[in-house]
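Here is a walk through one protein model. Keep the coordinates open and follow along.

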Amino acid sequence: MEILEENERILLREIAPDDWAPLHEIASDEEACKFQPWGPNNEDDSKFFVNQAMRDKQKRHRSRYVFAIVEKKTDQIVGNIEMNIRDWDGVGEIGFIIHPGQWGKGLATDAALLIMKHSFEKCELHRIAATCSPENKASIKVLEKIGMVKEGVLRQDLLVKGEWRDSCVYSMLREEWYEKYANTE
């Protein structure tokens, strides 16, 4: 398996065909996906997600990167994280989901830091954004903890389970990343 980034607790690696089952456990959980515009997934939805992520990996001009978040001590998938390059001039967006049984352990924060490191230092992106529901306090905490800045709220910009939802917009610029993290390794 190709490892993207890792720290002492987790690693991010490319999605593999057999990952659909552990990812389905997360994506089929109503609590895990309550803030998502998709889900809860059935098995076909989860298999399609994994197959699409693997197809996206093969594209010549790849713009979507989906990685499994693997806890090292158990060698178990605890979530996934995604980075989409929206603009080839250097703008990307991240999103993540963690198994509810793993909430509150800092794994989303670790994964977000690793994807940001990869996005700024290896992909040389200029700006990374993230959006989340104003009610999703856990995701807001992760985004603020890693140093992203709240830019504002997009009003009713996303249809989630039949209702229009606001989205908080967060971002970090490359120079902010290097100011905050350049001497921490």
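## From one buried pair outward

Start with Arg 13, which is buried, at a relative accessible area of 12%. The model is a predicted one. What does Arg 13 form a salt bridge with? The partner is Asp 19, and the closest N and O atoms are 2.8 Å apart. Asp 19 is buried too, because its relative accessibility of 5% falls under the 20% cut-off.

This pair belongs to a longer list. A search of the whole structure finds 12 salt bridges. The general idea is simple: side chains of opposite charge can pair when their charged atoms come close.

Now take Glu 31 and Lys 34. Their side chains meet in a salt bridge, at 3.2 Å from N to O. Are the two residues buried or partly exposed? Glu 31 is partly exposed, with a relative accessible area of 40%. Lys 34 is partly exposed, and its value is 40%.

Next come Glu 82 and Arg 64. Their side chains meet in a salt bridge of 2.7 Å, N to O. Glu 82 sits in strand β4 (residues 76-87) and Arg 64 in strand β3 (residues 64-71), so the pair ties together parts that are 18 residues apart in sequence. Glu 82 is buried, and so is Arg 64. The pair is also part of a network. Salt bridges with shared partners join Asp 56, Lys 59, Arg 64 and Glu 82.

Leave the charges for the nonpolar interior. The largest nonpolar core has 35 residues. Which of them have the most contacts inside the core? They are Leu 12, Ile 69, Ile 81, Ile 115, Met 116 and Met 148. Helix α3 (residues 107-122) supplies the largest share of this core, with eight residues. Another core lies apart from it and has nine residues. Among them are Ile 15, Val 66, Ala 68 and Val 70.

Met 148 deserves a stop of its own. Leaving out residues up to four places away in sequence, Met 148 touches Met 116, Ile 128, Ala 129, Ala 130, Leu 143, Tyr 170, Ser 171 and Met 172. Met 116 is, like Met 148, in the group with the most contacts inside the largest core.

Helix α3 also holds a charged residue, Asp 110. Asp 110 counts as buried because its relative accessible area is 13%, under the 20% limit. What does Asp 110 touch, residues up to four places away in sequence aside? The contacts are Asn 7, Arg 9 and Ile 10.

Turn to the empty space. A probe the size of a water molecule, rolled over the atoms, shows where such space is left. The largest pocket holds about 1200 Å³. It is lined by 48 residues, and the closest to its centre are Gln 36, Gly 95, Phe 96, Ile 97 and Ser 139. Which classes make up the lining? It has 21 nonpolar, 16 polar and 11 charged residues.

The backbone has some points to check. The peptide bond from Gly 39 to Pro 40 is cis, with omega near -5°. Pro 40 is in the loop between α1 (20-27) and α2 (43-58).

Two residues other than glycine show positive phi values. For Asp 75, phi is near 55°. This residue lies in the loop between β3 and β4, the two strands that the pair of Glu 82 and Arg 64 ties together. Asp 75 is exposed, with a relative accessible area of 59%. For Lys 161, phi is near 50°. Lys 161 is in the loop between β7 (149-160) and β8 (163-173). At 42% relative accessibility, Lys 161 is partly exposed.

Finish at helix α5 (residues 174-181), where Lys 180 is placed. Lys 180 is partly exposed, with a relative accessible area of 42%. How far apart are Lys 180 and Ser 167 in space? From C-alpha to C-alpha they are 25 Å apart, with their positions 13 residues apart in sequence numbering. Beyond residues up to four places away in sequence, Lys 180 touches Lys 145, Ile 146 and Gly 147.

Technical notes. Residues are numbered from 1 along each chain as its sequence is written. This is a predicted model: local features need pLDDT of at least 70, side-chain atom pairs count only at pLDDT 80 or more; totals for chains, interfaces and linings use all residues. Side-chain values use heavy atoms; hydrogens and water are left out. A salt bridge is a side-chain nitrogen of Lys or Arg within 4 Å of a carboxyl oxygen of Asp or Glu. Buried means under 20% relative accessible area, exposed over 50%, partly exposed in between (1.4 Å probe, protein chains only). Helices (H or I, at least four residues) and strands (E, at least two) are DSSP runs, numbered from the N terminus. On a 1 Å grid over the protein atoms alone, a cavity is a set of points where a 1.4 Å probe fits but cannot get out, and a pocket is an open set with protein on both sides within 12 Å along at least five of seven lines; lining residues have an atom within 4 Å of a point. Grid points are joined across faces, edges and corners, and a volume is the space filled by probe spheres set on the points. Ala, Val, Leu, Ile, Met, Phe, Trp, Tyr, Cys and Pro count as nonpolar, Asp, Glu, Lys and Arg as charged, and the others, Gly among them, as polar. A nonpolar core is a set of buried Ala, Val, Leu, Ile, Met, Phe, Trp, Tyr and Cys residues joined through side-chain atoms within 4.5 Å. Contact means heavy atoms within 4.5 Å.
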